[in-house]
Amino acid sequence: MQVIAPAKINLSLRVLRRRSDGFHEIETFIARISLCDEIKIEQRSGKQEIAFRCDDPSVPKGEDNIVVRAANAFFEETKITSGVSIALKKTIPHGAGLGGGSSDAASTLVALNELFETNLPREALAKMAEMIGSDVPFFIFQSAAVCKGRGEVVSPTRLREQLSVLLLKPEFGVSTQWDYSRWRDSHEIPGVSYSGQQFPQQNFVNDLERPVFEKFVFLAQLKMWLLKQPEVGAALMSGSGSTVFAVLRSNADADLLAKRSKAELDPELWTCVCETR
């Protein structure tokens, strides 16, 4: 069985407070995008064993891998003793705020549920996903959604319209844990816009830009550069970074914009043209 694991962008992200459990209370509107990883899962005869491999050598192996943890959670919950082989082909970059690992884990749960015909409802899969990571439940529902709590309270919704976006990411990543730990004590950089942007019917805002931009000033410069480009209707950091995405105007030449960003900002920028789904 082969499945795709789509990336996501946060169209809005509000951090409300720090919780007593150490997490932060948030409210975020998330959309899936056409960029995706690919996962191939096959049942194996013999003892229960999860044979995992990935084409990206930087991805953790064994019990440290989020896909393996998801498979273990599924087998523990269902009491199934069969083995599986899982092959992951990575396209979504790490430390990017695009939810690649969380999507891989969720897609693994959904695929195993289908492969073994356990017919668990999405709510049951989401409960499993909640123990794996805060973003994992979102991907279970395979829809845009408003997520609350620490991200595990998912309310699927429909996007008002499909958006064309250009993703831009420098070589470095950003730690989600570090980002949230700095949220309370961070400060805005003068001359950088953090307020909501309305385009066309969506309000784009991300409270985590403040701590990230304070340390990684290039990301602030990238966002402000994008907002000056005629092709761009809105620009925002996704999640905890380090990807900044541009929402493109109708008939914008995204490839030309990507080429110009590399020429004027950083020739090593990773760029990807995609759409919300």
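The questions and answers below concern a sheet and a helix pair in a predicted model.

User: Which strands are the edge strands of the open sheet with the order E10-E11-E7-E12?

Analyst: Four strands form this open sheet, and their pairing is antiparallel. Neighbouring strands are turned by 20° against each other on average, with direction ignored. Each edge strand pairs on one side only, and these are strand E10 (232–237) and strand E12 (270–275).

User: What is the bridge partner of Ala234 in E11?

Analyst: Strand E10 and strand E11 (residues 244–248) run antiparallel and are joined by five bridges. Within E11, the partner of Ala234 is Val247.

User: Which helix touches E7, E10, E11 and E12?

Analyst: Helix H7 (residues 217–227) lies across strand E7 (164–169), E10 and E11, and runs at about 170° to E10. Another helix, at residues 254–264, packs on the sheet with its direction at about 160° to that of E12, and by its contacts with E7, E10, E11 and E12 the helix asked for is H8.

User: How many residues of the contact of H1 with H2 are nonpolar, and how many are charged?

Analyst: Helix H1 (residues 66–78) and helix H2 (residues 100–115) pack at an angle of about 30°, their axes being 8 Å apart, and their crossing is right-handed. On the H1 side the contact includes Ile66, Val67, Phe74 and Phe75, and these meet a set of H2 residues that includes Asp104, Ala105, Leu109 and Leu112. Alongside four polar residues, the contact holds nine nonpolar and one charged.

Conventions: Residues are numbered from 1 along each chain as its sequence is written. This is a predicted model: local features need pLDDT of at least 70, side-chain atom pairs count only at pLDDT 80 or more; totals for chains, interfaces and linings use all residues. Side-chain values use heavy atoms; hydrogens and water are left out. Two strands pair if DSSP finds at least two bridges between them. Helices (H or I, at least four residues) and strands (E, at least two) are DSSP runs, numbered from the N terminus. Axes are lines fitted to C-alpha atoms, for helices over the stretch in contact, and angles run from 0 to 180 degrees between N-to-C directions. Contact means heavy atoms within 4.5 Å. A crossing is left-handed if the near helix is turned anticlockwise from the far one by less than a right angle, and right-handed if clockwise. Ala, Val, Leu, Ile, Met, Phe, Trp, Tyr, Cys and Pro count as nonpolar, Asp, Glu, Lys and Arg as charged, and the others, Gly among them, as polar.
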